[in-house]
Amino acid sequence: MKKILFFASISLLFLHCKKQHELDNLAEDNDYQTFGLKDRVCKINQSITILSDNNFSIEDKNAIYIFSSKGYLITDSIFDNQKKIIEVNNYENLKLPLTKKQFLNSNDFVLSETIYDSLKNISNFRKTTSKNQIIEEQRNTFSDDLIIREDYYIAGKNSPKKTIKYFRHGSLLKSKVIYSDTKTVLDSIVYDYFDYKINKESHYNHFGDLINSINYAYNGDNYSEITYFNSLGEIENIEKFEYNKNNQLTYKNTFSNFDKSVNEEINTYNENSKIEKIETKLNYQIITNTNFIYNDKTDLEKVIFENYSNKENFEKKVAYTYDDKGNWLTKEVSINKVPTYKVTREITYCTK
């Protein structure tokens with residue numbers, strides 16, 4: 001009987017340990033799709049190798065990305081070319097704003113720190129010198145989880161250099177007033193609503209005179225038209241928008257009343273909802289054309305940019321290697337057929 005109880009206890013302990021080490025269920029809105037990741041990834045250590053100097057910007061970063069067991073990005077650390085950490089971002093999850101952003105100097109001293117709440121508000125911002133002297137600071141005041149006041153301070157001043165007060169009716173922002181350090185009004189914005197969406201905002205100077213106004217029209221939750229007026233109520237610009245069934249912008253038309261010009265942007269997406277072509281026009285003549293080509297794993301393989309106004313065209317090509325999960329491990333980028341930089345990733349998968 002004692003042997004049976006002993007083995008039963010061992011079995012229960014084993015099951016308990018197994019349950020403790022099982023991964024959490026993957027969240028439906030996890031961040032793997034944003035990063036194009038397959039399988040359960042816990043960490044990515046990414047490094048950049050420069051292959052040749054050129055004038056094109058490098059989109060990728062030396063970074064470490066950490067994911068939760070549910071698949072949310074919870075922190076990323078950005079490094080300079082000397083592998084010294086320069087920025088740290090903490091997230092609640094990628095679908096919400098940062099919870100904390102820090103910029104550091106070469107000695108890991110926090111030069112600036114921004115703290116956010118879950119409603120996309122900045123709770124606090126502080127910028128300091130390496131000797132911990134405050135250069136700038138933003139202190140916010142909340143009511144019912146909504147921001148009602150922002151105070152901006154600079155070095156050597158105990159009173160705010162600038163204050164912004166928000167006046168609300170319930171959750172609706174009715175107006176915003178900006179004050180100087182002498183508490184005089186610098187300018188203000190008044191908001192009007194229709195069906196809980198802002199349909200007009202009016203900007204006033206410190207005398208209370210109208211500077212300009214903006215009217216908004218909607219298609220669902222997306223803008224369908226934005227009209228800009230001057231102080232006399234005359235139209236300056238009109239922007240019109242169109243979207244596909246996935247709420248992706250397919251067309252934007254901007255009319256300027258100043259010179260009667262028309263700017264257009266036409267976006268085309270592929271069956272995977274990735275951008276395939278961006279075409280811009282001025283007065284109905286094509287100015288630029290950008291084509292995006294993807295490989296069979298839906299990773300971006302080539303970008304071809306054509307500028308018809310100045311003939312400054314370029315081509316970007318990307319070559320990948322993959323692991324057995326289908327995640328890329330190396331990415332070599334070439335600009336105009338010249339190898340420019342290489343990205344290497346070490347991927348750590350979560351284990352049960």
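## Pockets and hairpins in a predicted chain

Tyr294 stands opposite Leu300 in β21. This is a predicted model, in which local features need pLDDT of at least 70 and side-chain atom pairs count only at pLDDT 80 or more, while totals for chains, interfaces and linings use all residues. Residues are numbered from 1 along each chain as its sequence is written, and side-chain values use heavy atoms, leaving out hydrogens and water.

Let's stay with those strands for a moment. β20 (285-294) and β21 (residues 300-307) run antiparallel and are joined by seven bridges. Strands here are DSSP runs of E with at least two residues, helices are runs of H or I with at least four, and both are numbered from the N terminus; two strands pair if DSSP finds at least two bridges between them. Five residues lie between the strands of this hairpin, and Thr298 takes a positive phi near 65°.

The next hairpin brings in β22 (314-322). Four bridges join β21 to β22, again an antiparallel pair, and Val303 has Lys316 in β22 as its bridge partner. Here six residues lie between the strands, with Lys311 at a positive phi near 65°.

Now for the pockets. A pocket is an open set of points, on a 1 Å grid over the protein atoms alone, where a 1.4 Å probe fits, with protein on both sides within 12 Å along at least five of seven lines; lining residues have an atom within 4 Å of a point. Grid points are joined across faces, edges and corners, and a volume is the space filled by probe spheres set on the points.

| Pocket | Volume | Lining by class |
|---|---|---|
| Largest | about 900 Å³ | 13 nonpolar, eight polar, 12 charged residues |
| Second largest | about 170 Å³ | seven nonpolar, two polar, two charged residues |

In these classes, Ala, Val, Leu, Ile, Met, Phe, Trp, Tyr, Cys and Pro count as nonpolar, Asp, Glu, Lys and Arg as charged, and the others, Gly among them, as polar.

Of the 33 residues lining the largest pocket, Thr34, Phe35, Gly36, Trp328 and Lys331 lie nearest its centre. Elements that each supply at least two residues of this lining include α2 (32-35), β20, β22 and β23 (328-335).

The bridge partners Val303 and Lys316 both line the second largest pocket, along with residues including Phe56, Phe314 and Tyr341. β22, β23 and β24 (338-349) each give that lining at least two residues.

As for confidence, the chain has a mean pLDDT (the predictor's confidence in each residue, from 0 to 100) of 87, and 88% of its residues reach 70 or more. Over residues 1-20 pLDDT stays under 50, and the model has zero contacts (heavy atoms within 4.5 Å) for them beyond four places in sequence.
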